[in-house]
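Thanks, everyone. I'll keep this short. Please look at the screen.

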Amino acid sequence: IDEFHRYSDKKAPSETIDLLFTEGLGLGIVGTAISQRPALVSHTILAECEIHFYFYFGNFEWDYFKRHKLDIESNMAWLKRKYHFLYKNRDGVKKVRPITRVIK
């Protein structure tokens, strides 16, 4: 679901969508939430997502990352590079380079 914050945001979470993310995996349902404004996304969704990808974003989201103890400031130079991003799972945060060529 793109622009996810429109469908289940922090101030008005969707009970149905949050339920899909909390219990869906047991039913074979896998969800993908995409948002340029993670600070607005329902906390339930953020907590249920096993993997997070972070691309470049403006300063407006820094408070969100500080609250969740993600050291984005030290990674900002990496994120400003074209197509570079961060990958976060329960093992930690990794810097990821973009795919620069197609292997046939």
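Where does His52 lie? It lies in strand E1, which covers residues 52-54. One caution before going on: this is a predicted model.

Next, is His52 buried or exposed? Its relative accessibility is 13%. The cut-off for buried is under 20%, so His52 counts as buried.

Now the polar partners. What does the side chain of His52 reach? One partner is the backbone oxygen of Cys49, at 3.4 Å. Another is the backbone oxygen of Leu46, which lies 3.3 Å from a polar atom of the His52 side chain. Both entries involve a backbone oxygen on the partner residue.

Then the wider contacts. Leave out residues up to four places away in sequence, and His52 touches Leu46, Leu86, Tyr87 and Lys88. Leu46 is thus a name you have heard already: its backbone oxygen is the one at 3.3 Å.

On to the strands. How many bridges join E1 to E2? Three, and the two strands run antiparallel. E2 spans residues 85-89. Within this pairing, Tyr54 stands opposite Leu86 in E2. Leu86 is also one of the residues that His52 touches.

E2 has another pairing, with strand E3, residues 92-96. Five bridges join E2 to E3, again antiparallel. Here Asn89 stands opposite Gly92 in E3. What joins E2 to E3? A hairpin does, through two residues.

To recap: His52 is buried, sits in E1, and E1 is bridged to E2, which is bridged in turn to E3. That's my part done.

Methods:
Residues are numbered from 1 along each chain as its sequence is written. This is a predicted model: local features need pLDDT of at least 70, side-chain atom pairs count only at pLDDT 80 or more; totals for chains, interfaces and linings use all residues. Side-chain values use heavy atoms; hydrogens and water are left out. Helices (H or I, at least four residues) and strands (E, at least two) are DSSP runs, numbered from the N terminus. Buried means under 20% relative accessible area, exposed over 50%, partly exposed in between (1.4 Å probe, protein chains only). A polar contact is a pair of N or O atoms within 3.5 Å; within protein, one must be able to donate a hydrogen and the other to accept it, and residues adjacent in sequence count only if both atoms are side-chain atoms. Contact means heavy atoms within 4.5 Å. Two strands pair if DSSP finds at least two bridges between them.
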